[in-house]
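These are my notes on the model, set out as numbered points. They go residue by residue where that helps, and by cavity, pocket or strand otherwise.

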Amino acid sequence: MDHSLGIDWKALKKGEVSMGTTIAAVKYDGGVLLAADSRTTTGAYIANRVTDKLTQIYDNIWCCRSGSAADTQAVADILHYYLQMYEAQNGAPPTVRVAANLAAEMCYSNKDNLSAGLIVAGWDAKSGGEVYSIPLGGSIHKQDIAIGGSGSTYIYGYVDTNFRKDMTREEAIDFLKHAIALAMERDGSSGGVIRMAAIDGKSIDRYFFADADIPAAWNAPASAT
């Protein structure tokens, strides 16, 4: 009898590391906030507990990465190069819309060879804060709130119930902190710490939550007295 774990090792390329994950981005009053957990897995093995899945691809444009770690890192690096070339050729910085469409084009053109789900978000002088979801396959969706990764399936109800437009930065941080924490409780491929990046026209601020700073989704029953 086969007592091995029911893991489809052939689903990953040889030696591939997968970021089974929870990623999210929300537009708030004045900017955007990106958030992600930090667990990276290879099958059932946790390869990295503190991965930074938020990647800067231009000054005020960042992306959240889910899927194959190698694929998403390659896409982010190539995007960074293309956006630098865009500014050199056009004499103006790229907008969030331009960055998102470039990412979608790359993912769609290579959809049979890539395992990459992205959320591209940032701030530009033309449109302010914007959030674009680019799921597996390379489609593109402009949204005020976007979630992705394996853990996102557990929190659609929470997000639909609690999201509202024009939140303050502090409200957005609290909202995404609870959303990621809920996903981490239920999804075996999400965990570790919570990292965030808040982007507006003035600054880029990073946030880090670990241990007691992560909201508890449930409380163990008190011991009998």
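1. The backbone nitrogen of S203 lies 2.8 Å from a polar atom of the D200 side chain. The model is predicted, and this distance, like the other values below, should be read as a property of that predicted model. D200 itself sits in strand 12.

2. The side chain of D200 has a second partner to look at: it makes a polar contact with the side chain of R169, at 2.8 Å. Is D200 buried or exposed? D200 is buried, because its relative accessible area is 14% and the cut-off for buried is under 20%.

3. Leaving out residues up to four places away in sequence, D200 touches Y28, G30, G31, N60, W123 and R169. R169 thus appears both in this list and as the side-chain partner in the polar contact. N60, another member of the list, is taken up next.

4. N60 is found in the loop between strand 6 (54–58) and strand 7. Beyond its neighbours within four places in sequence, N60 is in contact with A121, G122, W123, I199, D200 and I204. Where does S203 stand relative to N60? The two are 143 residues apart along the chain, yet their C-alpha atoms are separated by 8.4 Å.

5. Strand 12 (residues 194–200) and strand 13 (residues 204–209) run antiparallel and are joined by six bridges. The connection between strand 12 and strand 13 is a hairpin of three residues. Within this pair, I194 stands opposite F209 in strand 13.

6. T22 deserves a separate look. T22 is placed in the loop between strand 1 and strand 2 (23–28). T22 counts as buried because its relative accessibility is 0%. The T22 side chain makes a polar contact with the side chain of S190, at 2.8 Å.

7. What else does T22 touch, not counting residues up to four places away in sequence? The residues are A35, A36, D37, G148, G151, S152, I155, I180, A183, D187 and S190. S190 is therefore a contact of T22 as well as the partner in its side-chain polar contact, as expected when a polar contact needs atoms within 3.5 Å and a contact needs heavy atoms within 4.5 Å.

8. On to the pocket. The largest pocket has a volume of about 300 Å³. Of the 23 residues that line the largest pocket, S66, G117, L136, G148 and G149 are the closest to its centre. G148 is also among the residues that T22 touches.

9. Which strands supply at least two residues each of the lining of the largest pocket? They are strand 1 (18–19), strand 7 (61–68), strand 8 (116–124), strand 9 (128–134) and strand 11 (145–148). Strand 8 gives the largest share, three residues. By residue class, the lining of the largest pocket has nine nonpolar, 14 polar and no charged residues.

10. A search of the whole structure finds one cavity of 30 Å³ or more. The largest cavity has a volume of about 50 Å³. Its lining is made up of C107, K111, L114, A116, P135, L136, G137 and G138, and these divide into five nonpolar, two polar and one charged. L136 lines the largest cavity and is also one of the residues closest to the centre of the largest pocket.

11. Two backbone values should be checked by eye. D166, in the loop between helix 3 (156–162) and helix 4 (169–186), has phi near 60 degrees, a positive value in a residue other than glycine. D166 counts as exposed because its relative accessibility is 58%.

12. The other is D211, with phi near 55 degrees, again a positive value in a residue other than glycine. D211 is found in the segment after strand 13. At 70% relative accessibility, D211 counts as exposed.

13. Last, the overall figures. The protein has four helices and 13 strands. Of its 225 residues, 46% are buried. Among the contacts with a separation of 6 or more, 62% are between residues 24 or more positions apart.

Note on methods: Residues are numbered from 1 along each chain as its sequence is written. This is a predicted model: local features need pLDDT of at least 70, side-chain atom pairs count only at pLDDT 80 or more; totals for chains, interfaces and linings use all residues. Side-chain values use heavy atoms; hydrogens and water are left out. On a 1 Å grid over the protein atoms alone, a cavity is a set of points where a 1.4 Å probe fits but cannot get out, and a pocket is an open set with protein on both sides within 12 Å along at least five of seven lines; lining residues have an atom within 4 Å of a point. Grid points are joined across faces, edges and corners, and a volume is the space filled by probe spheres set on the points. Ala, Val, Leu, Ile, Met, Phe, Trp, Tyr, Cys and Pro count as nonpolar, Asp, Glu, Lys and Arg as charged, and the others, Gly among them, as polar. Buried means under 20% relative accessible area, exposed over 50%, partly exposed in between (1.4 Å probe, protein chains only). A polar contact is a pair of N or O atoms within 3.5 Å; within protein, one must be able to donate a hydrogen and the other to accept it, and residues adjacent in sequence count only if both atoms are side-chain atoms. Two strands pair if DSSP finds at least two bridges between them.
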